[in-house]
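Some words used for protein structures rest on simple cut-offs, and a careful reader may want to see how each word is earned. The questions below go through a few of them in turn.

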Amino acid sequence: MFNKIIKLGQKKFNKSDQHHQDNNNTSTNTVVRGSRTTTAAPSSVSNGESQTTAQSPSQTPNHPMFSSTPILEVLPLLKDVSSSDRPLLFMKKAHMCSCQCDFSDTLIMPREKEIKRQTLLELVDFLHSSSGKVNETMQSELIRMVSANIFRCLPPAHHENTGAPPEGNDPEEEEPYLEPWWPHLQLVYELLLRYVVSSEIEPKTAKKFINHTFVSRLLDLFDSEDPREREYLKTVLHRIYGKFIFHRPFIRCSIYNIFYKFLYETERCIGIGELLEILGSVINGFTVPMREEHRLYLVKAILPLHKSKGISIYHQQLAYCVTQFVEKDYKLADTVIRGLLKFWPLTNCQKEVLFLGELEEVLDATEPSEFQQCVVPLFTQIGKCLNSAHFQVAERALFLWNNEHIVGLIAQNKDVIFPIIFEALERNMKGHWNQAVHGLSENVRRMFLEMDTELFEECEKQHLENEAKACELLEQRELTWKRLEEAASLAAN
C-alpha cells in the first residue's frame, strides 16, 4: 500500500532538470578557512549513501527509493499515512532533502526549493510534536541528511588568512556575510536542534551519530561569517554539551585548541565570541574545588586571549568567563589580575578602557587575602592609567573608587596604596588638561583625606620632599651642563 501512495504522490523532474541538478551536486570540496580545514559533504547522495561523520552499525534500508540519487519530489504528508508506513516515508523525505539547490539565482529551481523547504518544515514539526517514535535507522538517515547540508565549503573569508584586518577597516563595522541559502540551512539547523533536545532520543543511541567527529566538524563551522549560523551552532553545541556527558571533555579541549590556533596561527576573531559564550556557561557548572586542568586552561588559553588586536569583538564574553573563574574559586583572583597586567596594552587606549572595566568586575569578586598578594603591581598600573593623556582611560581608572567593594579593599591596604596613588593624583590636580579628570582626582584625593588624615599628611609631606629633591637634581644637572659649556668655550679659544 505504501508503494502505491509513493507512486501516486511523486511528480518527477524532467530529464534536463535532473541532469542539471546532478552536475551541480556531485562534488566534494575542501576549503581552508583561518588554518582550519572544513571538508564539504557531497551535495547529492550517490547509491543511496550521503557522506556523514557518524559511523553507525545500522545502514540505510535496502529499498528501491534509496538506491538512486535523491530527487526533490512531492510526497504524501507524514500525518496522512499509517503509523507503520511513517518510518519509511520519514527516511524517504530525509534522504530527499540531501539534495542541494542552487541559490545563486532566484529564478533557478524555484519549485524544487519550495518542495525542500516544506519538507524540512514538516520534519521539524514531526520531531517537535513527537507524533511518532524516531527509531535508530530513522536517526541514521536524519543525521546523514543534516551532514550533507551543513558540512560544506565555506565561502572565502573577507580577509583570508591575513591576521589583523587591513589598515582602516574595522571588523565591527564590516557588513556580515549572509548565506544565500539560509532559508534551507536554518531549517536543517532547527531540525538538528530538535533532534538533540528531544526527550524521545536516548543519548546512548544518539551517540552513534553525534560522535566526536561530528562534534569536531560542528566546531569547524564556527568559522562561518554568517552570524545567524554561528548563533545556531552555539545553541546546538551547548545542548550537545548538556545532554551528552561523555562529550564534555572533548568539547572543552576542542574549544581550547581553537583558541590556541586563533592566538598563534590565524588571529581571526570570527566565532571566538560564541565559543566563549558556551564556555562561560560551562565554567558556571564547574565543581569546587576546581580541577587543575581548568586552572591550566585559564592560564594557557583564556587569559592570553587578551593580547589579540581584535579583542573588542569578544571582550564582553571573555570578561564574563574570567569573572566566572574568580567567582568559582576566589584563589584564582591573583592569577587573573597578574594575567591582565601581563597583557596590559601599551598604546591602545580603547583597549585600556576595556581592561579597566574587566578589572573592576574581577576586583568586585576578589577576597582581601588575594587582593593583598597583587596590590603593588596592580596600583602601580592604575597609577599610570590615572595620568593617561587620554581622558577616557583616566576617567575609567578614577571610576574604580565608585565601587564600594573596591574602596573597602583599598581601605584595608591603605598603607601600601596611598603612597603609590598620591603622586598620580597630585599630577592630575596640577597639570591634566581635562576638567572632568581634574574634578574626579580631587574627589578621590578628598576620600583619601577622610579615610586617614595622618597617613594623607605623611604622603603629602613625602611628596613635597620628593618634588624638592627633583628640583634640586634638575638645578644640579643644569649647572653641570653650564660648566661644560663654559669649559668647551675656553678650550675653543
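## Reasoning from values to words

Because R144 and E141 are 3 residues apart in helix α5 (residues 136-150), about one helical turn separates them. The model discussed here is a predicted one.

Q: What makes R144 and E141 a salt bridge?
A: The closest N and O atoms of R144 and E141 are 3.9 Å apart, and the definition asks for a side-chain nitrogen of Lys or Arg within 4 Å of a carboxyl oxygen of Asp or Glu, so the pair qualifies. Both R144 and E141 are buried.

Q: Why is the pair of K93 and E122 called a salt bridge?
A: The closest N and O atoms of K93 and E122 lie 2.9 Å apart, and the limit is 4 Å, so the name applies. K93 lies in helix α3 and E122 in helix α4 (residues 110-129), so this salt bridge ties together parts that are 29 residues apart in sequence. K93 is buried, as is E122.

Q: What makes helix α3 mostly covered?
A: In helix α3 (residues 86-96), 9 of the 11 residues are buried, a word that stands for under 20% relative accessible area. Among these buried residues are L89, F90 and M91, together with K93.

Q: Why are R291 and E293 called partly exposed?
A: The relative accessible area is 44% for R291 and 26% for E293; partly exposed covers the range between the 20% limit for buried and the 50% limit for exposed, so both residues belong in that class. R291 and E293 also form a salt bridge, with their closest N and O atoms 2.6 Å apart. Elsewhere, R152, E179 and E229 are joined into one network by salt bridges that share partners, and a search of the whole structure finds 22 salt bridges.

Q: How do you know that E458 counts as exposed?
A: E458 has a relative accessibility of 53%, and exposed means over 50%, so E458 meets the condition. The place of E458 is in helix α22.

Q: What makes the patch that includes E458 negative?
A: The patch is formed by D415, E454, E457 and E458, and Asp and Glu count as negative, so the patch carries that name. Helix α22 (residues 453-492) gives the most to the patch, with 3 residues.

Q: How many residues of the protein chain are buried, as a percentage?
A: Buried residues make up 49% of the 493 residues in the protein chain, which has 22 helices and 2 strands.

How values were computed. Residues numbered from 1 in each chain as written. Predicted model: local features only at pLDDT ≥ 70, side-chain atom pairs only at ≥ 80, totals over all residues. Heavy atoms only, no water. Patch = residues over 30% accessible without salt bridge, like charges linked within 9 Å, V, L, I, M, F, W, Y side chains within 5 Å. Areas by Shrake-Rupley, 256 points an atom, 1.4 Å probe, with all protein chains shown as cover. Charge placed at Lys NZ, Arg CZ, Asp CG, Glu CD. Helix = DSSP H or I, 4+ residues; strand = E, 2+ residues; numbered from the N terminus. Buried < 20%, exposed > 50% of the residue type's maximum accessible area, 1.4 Å probe, protein only.
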